[in-house]
Amino acid sequence: MATGIDQERVFAAIAVKGEAQERLTAWSLWMQQHYAFRKWTAAADFHITLQFYGDVDRARLPELSQTLAAAVAAHSPFQLQLGDAGYFGMPERPRVWWIDPEGDRSALSALQQNIVHACEVIGYKAENRPYHPHITVARKYAGTEPFQAPAMEELQRQTAAWKVDQVALYCTRMGQIPMYELAGCFPLTGDELL
């Protein structure tokens, strides 16, 4: 089903920034020379989804933004770093190839759960599957031979950390590069709301 004329397809996420984004981009470009996937994520689009909202009426975006701002403000900034590669789907033909975020996973989990609970109050339901934070690098393996994940030493990347100090609300722009347009930014300030 297509997004309606007065709707935006939106989600809340943490952007991968700084040196982590640079290293992930370099690793992805190297991998693109060795592996056939139908779609590779643009460097500006690397992120960790916190909650997907689907097609949202534009008139409801201010309410969603206010809810996110309040939920996010209660959290203090924390650190994440690039971890190991993994995949969703069959090992020989992965649907999604991703990087696992490492670092302060308890802070990431608390942030995600707080966002989901706050948004549930205004009508946005949580997904029916367990939350699995990841950074999508590629989608839909298209090689002629079964996929064989490289040994970690072949990834030619070093671990890089970044400070998570804000949550973004993105609108999806199918077919464009980058594919995600920033619709709002909400800082993690550690402020308890009155």
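Select C119 to start: with a relative accessibility of 1%, this cysteine counts as buried. You are looking at a predicted model, so keep that in mind as you click along. Now ask what the sulfur of C119 has around it: how far is the closest cysteine sulfur? That sulfur belongs to C171 and is 14 Å away, too far for a bond.

Select C185 next. Is C185 buried, exposed or partly exposed? C185 is partly exposed, because its relative accessible area is 33%, and the partly exposed class falls between 20% and 50%. For C185, too, the closest cysteine sulfur is in C171, and at 13 Å this is too far for a bond. A disulfide needs two cysteine sulfur atoms within 2.5 Å, and by this rule the model has zero disulfides.

**Follow C171 into the strands**

C171 has a bridge partner to look at: V10 stands opposite C171 in strand β8. To see the setting, colour strand β1, residues 7-15, and strand β8, residues 166-172. These two strands run antiparallel, joined by four bridges. Now add strand β3, residues 47-57, which pairs with β1 in the antiparallel sense over nine bridges. To find a spot along that pairing, pick A13 and look across to T49 in β3. While you have strands on screen, here is a general point: in a regular strand the side chains alternate between the two faces of the sheet.

**Just past β8**

Step along to R173, in the loop between β8 and β9, the latter covering residues 180-187. Is R173 buried or exposed? R173 counts as buried, because its relative accessibility is 19% and the cut-off for buried is under 20%. Show the contacts of R173 beyond its neighbours within four places in sequence, and you will find E8, M179 and E181.

**A hairpin to trace**

Select strand β4, residues 78-90, and strand β5, residues 93-103. β4 and β5 form a hairpin with two residues between them, and they pair in the antiparallel sense over nine bridges. A85 is a good place to zoom in, as A85 stands opposite I99 in β5. β4 also has strand β7, residues 161-164, as an antiparallel partner, with four bridges between the two. At one of these, F78 has V164 in β7 as its bridge partner.

**A buried alanine**

Go to A138 in strand β6, residues 135-141. A138 is buried, with a relative accessible area of 0%. Which residues does A138 touch, leaving out those up to four places away in sequence? They are F37, K39, W40, T41, R95, V96 and W97. Try drawing a distance from A138 to R95: the two are 43 residues apart in sequence, yet their C-alpha atoms are 8.3 Å apart in space.

**Finish at the largest pocket**

For the last stop, display the largest pocket, which holds about 1,200 Å³ of space. Its lining has 38 residues, and T49, R129, H134, T136 and R139 are the closest to its centre. You have met T49 already, opposite A13. Which strand gives the most to this lining? That is β3, with six residues. Among the other elements that supply at least two residues each are β1, β5, β6 and helix α3, residues 105-121. Colour the lining by class and you will see 18 nonpolar, 13 polar and seven charged residues.

Notes. Residues numbered from 1 in each chain as written. Predicted model: local features only at pLDDT ≥ 70, side-chain atom pairs only at ≥ 80, totals over all residues. Heavy atoms only, no water. Pairing = 2+ DSSP bridges. Buried < 20%, exposed > 50% of the residue type's maximum accessible area, 1.4 Å probe, protein only. Contact = heavy atoms within 4.5 Å. 1 Å grid on protein atoms, 1.4 Å probe; cavity = no way out; pocket = protein on both sides within 12 Å on 5 of 7 lines; lining within 4 Å. Points joined across faces, edges and corners; volume = space filled by probe spheres on them. Nonpolar A, V, L, I, M, F, W, Y, C, P; charged D, E, K, R; others polar.
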